[in-house]
Amino acid sequence: MKHSTTNQRTRLGRGPARRIGRTLALVLPVVLVLSGTLAVTRVNWSGTHSDSVLTASSTDVSSRAASRAPQDVLRDRLLLELQEKNPGVALTHLQEAVNDRPSLAKHCVSIARALGRAAVRVYGPTRAQSFARPVCDTSFASGVAATQL
């Protein structure tokens, strides 16, 4: 008789624990999958800056701006100079920058074309063409001409 009482207690002790274990075994994976899915949907995957709780990268925006390539910095500076002064000044400074830093020579054509396209937007095609100079194999003029097509 003692033996049956022990079995009954053991079975009673296992009952609630087994039920809780089974419930957790079914519910826990569902909770983990849903929480992971919600976390992924909150991540900014587009690359544009937003104020979401989670972001795809943990790098600081100011450090990214500081680590920009020299040709990108030069192009932006010259485009601003083109708007504030004129394309002739920007082309002169482009030639000086390439002379000072020969590593920029491989980017000279693309920068000069960008200046040509920007000059057309600011000054119109006829006036923009008047600023053309033989900087980077006349890439400025080809940028102006490409915008007219």
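This passage describes the overall fold of the protein, then helix H4, and then a serine in helix H7.

The model is a predicted one. Its secondary structure amounts to 7 helices and 0 strands, and reading along the sequence gives the pattern α-α-α-α-α-α-α. The protein has 149 residues, of which 24% are classed as buried. The accessible surface is about 10600 Å², and carbon and sulfur atoms account for 59% of that area. As for contacts between residues at least 6 apart in sequence, 56% connect residues at least 24 apart.

Helix H4 offers a convenient check on geometry. This helix covers residues 87–100, which makes 14 residues. With 1.5 Å a residue, and with the expected span taken as 1.5 Å times one less than the number of residues, helix H4 should span 20 Å; the C-alpha atoms at its ends are indeed 20 Å apart, so the two values agree. At the start of H4, the backbone nitrogen of Gly88 has a side-chain oxygen of Asn86 within 2.8 Å. Gly88 is also one of the buried residues of H4, a set that further comprises Pro87, Ala90, Leu91, Leu94, Ala97 and Val98.

Attention now turns to Ser139, which belongs to helix H7 (residues 139–148). The relative accessible area of Ser139 is 3%; the cut-off for a buried residue is under 20%, and Ser139 therefore counts as buried. Once neighbours within four places in sequence are set aside, the contacts of Ser139 are with Val109, Ala112 and Arg113.

Note on methods. Residues numbered from 1 in each chain as written. Predicted model: local features only at pLDDT ≥ 70, side-chain atom pairs only at ≥ 80, totals over all residues. Heavy atoms only, no water. Helix = DSSP H or I, 4+ residues; strand = E, 2+ residues; numbered from the N terminus. Buried < 20%, exposed > 50% of the residue type's maximum accessible area, 1.4 Å probe, protein only. Polar contact = N/O pair within 3.5 Å; in protein donor to acceptor, adjacent residues only side chain to side chain. Contact = heavy atoms within 4.5 Å. Areas by Shrake-Rupley, 256 points an atom, 1.4 Å probe, with all protein chains shown as cover.
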